Amino acid sequence: MDFRKLFDFLHRLNNHNNKEWMDEHRKEYQSLRDDYLHWLEELEIKFAQVDPDYTTTGAKKALNRINNNLLFHPNKPIYKDHFGAGLDKKPGASDFYIHLGINESFIAGGFYKPKKEHLDSIRAAIDYDGEELEKILQKPSFQKTFGEMLEIDPLKTSPKAYASDHRFIHYLRRRSFVVSRDLTEKEIFSADFQQKLVKYYLEILPFRQYLNHAVSV
């Protein structure tokens with residue numbers, strides 16, 4: 001996969017974000033998309049080799065549409081400035097998300113604003129064995145790779161049924177449980193990019209497994 005060509009296309013698309021330009025360059029887009037789908041298929045094979053519980057998503061299902069949803073976001077441009085894909089997509093579980101774009105590139109995993117029943121289950125798990133989550137988050141290699149969980153609209157007070165002085169109140173107040181890592185173009189363009197993603201996948205896996213177990217019991 002030649003990611004330089006992919007990024008060059010995204011830059012040009014961003015500068016000519018209209019259907020007429022896309023129609024003129026549809027063959028180029030389809031060729032890049034096909035190459036990226038093949039690359040995702042290869043990556044899924046590598047993930048399955050290191051994770052016996054990996055759920056093969058399928059590249060076409062994993063890849064997000066290039067079109068923005070103008071029905072709900074009418075002020076956005078017609079086309080996105082990135083390729084986004086969610087892998088290891090078990091129903092009702094977190095996925096491993098890859099975002100490659102001209103303004104930002106990153107990987108992420110966890111639960112972003114989960115529905116109430118999942119949020120309640122995660123909080124119950126933290127109340128029961130928050131030590132395990134803290135152990136995962138404070139592991140030196142995890143800290144080096146992902147740092148802290150993202151601060152996404154946490155509660156300012158304690159959630160119902162939990163005391164304000166709870167040992168893990170800083171986790172219980174969260175309404176999203178997500179970590180991410182920025183990717184540089186140097187990484188993306190490197191010959192060992194897939195191998196790096198396998199490393200990141202394994203590093204984030206215990207975090208995702210903790211959350212997935214919480215919402216499945």
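This report walks through the pockets and the charged side chains of a predicted model.

**Pockets**

Let's start with open space. The largest pocket has a volume of about 350 Å³. It is lined by 18 residues, and those closest to its centre are Tyr97, Phe106, Ala108, Tyr112 and Val178. Three strands, β2 (95-101), β3 (106-111) and β4 (177-182), each bring at least two residues to this lining, and β3 gives the most, with 5 residues. By residue class, the lining of the largest pocket holds 10 nonpolar, 5 polar and 3 charged residues.

The second largest pocket encloses about 220 Å³. Its lining includes Asn64, Arg65, Asn67, Asn68 and Asn69, along with His73, Lys76, Lys80, His82 and Tyr97. Here the division is 1 nonpolar, 6 polar and 3 charged. Tyr97 is worth a look on screen: it is among the residues closest to the centre of the largest pocket, and it also lines the second largest pocket.

**Salt bridges**

The model has 11 salt bridges. Three of the pairs are listed here, with the N to O distance for each.

| Pair | N to O distance |
|---|---|
| Arg26 and Asp23 | 2.8 Å |
| Arg175 and Asp153 | 3.1 Å |
| Glu203 and Lys139 | 3.9 Å |

In the Arg26 and Asp23 pair, Arg26 is partly exposed because its relative accessibility is 29%, and Asp23 is also partly exposed, at 38%.

The side chains of Arg175 and Asp153 meet in a salt bridge. This pair joins distant parts of the chain, with Arg175 in the loop between α7 (169-172) and β4 and Asp153 in the loop between α6 and α7, 22 residues apart. Arg175 has a relative accessibility of 31% and so counts as partly exposed; Asp153, at 46%, is partly exposed as well.

Glu203 and Lys139 form another salt bridge. The two lie 64 residues apart, with Glu203 in helix α9 (residues 193-216). Glu203 is buried, with a relative accessible area of 14%, whereas Lys139 is partly exposed, at 43%.

Elsewhere, Asp8, Arg12 and Glu28 are linked in a network of salt bridges.

**A buried glutamate**

Which side chain of opposite charge is nearest to the buried Glu134? That side chain is Arg167, 4.1 Å away, and Glu134 has no salt bridge. The cut-off for a salt bridge is 4 Å, so a nearest distance of 4.1 Å does not qualify. Glu134 sits in helix α5 (residues 116-138). Leaving aside neighbours within four places in sequence, Glu134 is in contact with Arg167, Phe168, His170 and Tyr171.

Notes. Residues are numbered from 1 along each chain as its sequence is written. This is a predicted model: local features need pLDDT of at least 70, side-chain atom pairs count only at pLDDT 80 or more; totals for chains, interfaces and linings use all residues. Side-chain values use heavy atoms; hydrogens and water are left out. On a 1 Å grid over the protein atoms alone, a cavity is a set of points where a 1.4 Å probe fits but cannot get out, and a pocket is an open set with protein on both sides within 12 Å along at least five of seven lines; lining residues have an atom within 4 Å of a point. Grid points are joined across faces, edges and corners, and a volume is the space filled by probe spheres set on the points. Helices (H or I, at least four residues) and strands (E, at least two) are DSSP runs, numbered from the N terminus. Ala, Val, Leu, Ile, Met, Phe, Trp, Tyr, Cys and Pro count as nonpolar, Asp, Glu, Lys and Arg as charged, and the others, Gly among them, as polar. Buried means under 20% relative accessible area, exposed over 50%, partly exposed in between (1.4 Å probe, protein chains only). Lys and Arg count as positive and Asp and Glu as negative; His and the chain ends are not counted. Contact means heavy atoms within 4.5 Å.
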